[in-house]
Amino acid sequence: MHAGWKFVVLAAAITGAVLAGPAPSAAERAVLERISAQSMRGHVSFLASDLLQGRATPSPGLDIAAEYIASQFRRSGLEPASGGDYFQNASFFTFEPDTKDAVIELESGGKRIRADLDKTSVQTSRALSMVDAPVLKLAGDAETIDKLKPEDVKGKVVALVLNRGYAGAFRAYGAIRRLQPALLLVSGSAAPRGGRAPLVAADQRDRQVPIVGVREGQIADAIEHAQPGSADLKITIQVSAPEETALTLRNVAAVLRGSDPQLRDTYVLVTAHYDHMGVKPTGDGDRIFNGANDDASGTASLIEIANALASMDPKPKRSIVFIALFGEELGLLGSQYYGRHPLFPLAQTVADINLEHLGRTDSNDGAKIASASFTGFDYSTVPAIFEKAGEETGVTVYKDKKRSDPFFARSDNQALADIGIPAHTLCVAFEFPDYHGVGDEWQKLDYDNMAKIDRMVALGLMSIAGGASTPEWNEKEPKAKRYADAWRALHPAGAAQ
């Protein structure tokens, strides 16, 4: 870390001074013009083609996408970030539960209810055996979950109701898993479905939290009607050890080395997830989740921005790391793995700009042309840096008051923010027709608008990588406090810089 950095409490006047900078030079504008709508149309049409079968994690389609991304980094002359090649290999296991002789019973009000195993999802990496274990019912709201401490739930059976449409459902899983309950019992529409074996990183195997999902029936009703904070429920569960399979998943990473003798050892991350949801197991007609906007658009933008910035002469002062991440749709698997196994020192990583949903302009909230928003807009100075870049490129960078904060936890930026790195996701449309649907296909993207947005992103990256702007968490924003605390933990006073 550069010795001159300081963590500051933000003020508007200071922020304005930090963000001030010259308009892009003729050479910088030439770099921006290398970003091509036609090139991105080519990238997206391949990544979101039926050939790749929805890029599920894991799948042959995902592997093909990884090879394609690596080939584009190679074409741009970028250096592999993980040594000899562009792949950060991650060892994982998948576990297929054996439930043919399983027993799952819930006692509620003196009545024992046996689960219908055909309508019950069991996700576990080990055998389960409990008899009349007390169940602690928790409220499923973000405020309650954020206040939990390890001693509140560690080693206990925890039940809660999670419903889709509630923005915190995704975050709730991760937050409670980190607190290490003995078992998580979930009802509601966001409860896991059967048929998909859980993926567990080899280095997290001992920390995997078993999950039982019940979406309907008497057990679901009993969980829903139990009072939060009560332990009136009891569970008996007997499940044999699952069948396990080892596999390798891959982040695809390249680095553009900085030119400044001191700042070249500081890093700006640019990320996008290249996986999607695969194929519907049943049904008539089109069953492929092509994932063109979510997130072939972000991946294509990552490729195109990397190619443009690689042409800079001289190179930016700081190093820029481009990472295509696996497994976002299954719970930020690739970004969390990077956080545990960084290719470059986290304490010397100044920001992460995560790219999602950049191609569709037909937002559910109306057309979004020449505009983009960040999640957690007020959490740090990152969005303001890109506001300045937007002024220079004809793009309005704004705060979506309805969606900016709730969506902060719903993409890979969250995993990096949890470590303390100022990290946000940039998008054009938070939600759009065909979101997580089979209709999200490459023909529906606005590639000219996408190129305009990406030129703005590239200019903002030039500012950060050029050393003109160093992102900071905003301590005046209560929702950013835990990330600022994590930043300080990453940079303890007196640590070597």
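This is a guided walk through a few helices, strands and loops of the structure shown above. Keep in mind as you look that the model is predicted.

Let us begin with the helices. Find helix α3, which covers residues 37–47, and helix α13, which covers residues 447–465. Two packed helices are described by the angle between their axes and the distance between the axes. Here the axes come within 8 Å and cross at roughly 110°. Angles of 65 to 115 degrees count as roughly perpendicular, and α3 and α13 are therefore roughly perpendicular to each other. Which residues make the contact? On the side of α3 they are A37, M40, R41 and V44, while α13 brings Y447, D448, M450, A451 and D454. Sorted by class, this contact of α3 with α13 has 6 nonpolar residues, 3 charged ones and no polar ones.

Stay with α3 a little longer and ask which of its residues are buried. They are A37, M40, H43, V44 and L47. If you look down the axis of α3, these buried residues fall within an arc of 120°, so they line one face of the helix. The cover over the buried residues of α3 includes α4, α9 and α13.

Helix α8, residues 218–225, can be read in a similar way. Its buried residues are I219, A220, A222 and I223. They cover an arc of only 160° around the axis, which puts them on the same side of α8.

Next, follow the chain into the loop between α3 and α4, where R55 is found. The phi angle of R55 is near 50°, a positive value in a residue other than glycine. Is R55 buried or exposed? With a relative accessible area of 1%, R55 is buried. P58 lies in the loop between α3 and α4 too, and the peptide bond leading from T57 to P58 is cis, with omega near -5°. A cis peptide bond also joins D313 and P314, where omega is about 5°. You can find P314 in the loop between α9 and β12.

Now for the strands. Strand β2 (residues 87–108) and strand β3 (residues 111–114) pair in the antiparallel sense over 4 bridges. One pair to pick out is E107 with its bridge partner R112 in β3. The hairpin of β2 and β3 has 2 residues between the strands, and in this hairpin G109 takes a positive phi near 60°.

A good place to go from here is strand β13, residues 349–355. How many of the residues of β13 are buried? The count is 7 of 7, so to speak a mostly covered strand. Strand β11, residues 267–273, runs parallel to β13, and 5 bridges join the two. Within that pairing, Y267 stands opposite T349 in β13. β13 also pairs with β18, again in the parallel sense, over 4 bridges.

One residue of β13 deserves a closer look: I353. I353 is buried, with a relative accessible area of 0%. In β18, the residue standing opposite I353 is H424. Setting aside residues up to four places away in sequence, I353 touches L269, V270, T271, F374, V382, F386, H424 and L461. Try comparing I353 with S363: the two are 10 residues apart in sequence and 21 Å apart in space, C-alpha to C-alpha.

V438 gives you another pair of distances to think about. V438 sits in the loop between β18 and α13. V438 and F289 are 149 residues apart in sequence, yet their C-alpha atoms are 4.4 Å apart in space. Leaving aside neighbours within four places in sequence, V438 is in contact with K280, D286, R287, I288, F289 and N290.

Our last stop is A370, in the loop between β15 and β16. Phi of A370 is near 55°, a positive value in a residue other than glycine. Its relative accessible area is 18%, and buried means under 20%, so A370 counts as buried.

How values were computed: Residues numbered from 1 in each chain as written. Predicted model: local features only at pLDDT ≥ 70, side-chain atom pairs only at ≥ 80, totals over all residues. Heavy atoms only, no water. Axes fitted to C-alpha atoms, helices over the stretch in contact; angles between N-to-C directions. Parallel < 35°, antiparallel > 145°, perpendicular 65-115°, else oblique. Contact = heavy atoms within 4.5 Å. Nonpolar A, V, L, I, M, F, W, Y, C, P; charged D, E, K, R; others polar. Buried < 20%, exposed > 50% of the residue type's maximum accessible area, 1.4 Å probe, protein only. Arc of directions from axis to C-beta. Pairing = 2+ DSSP bridges.
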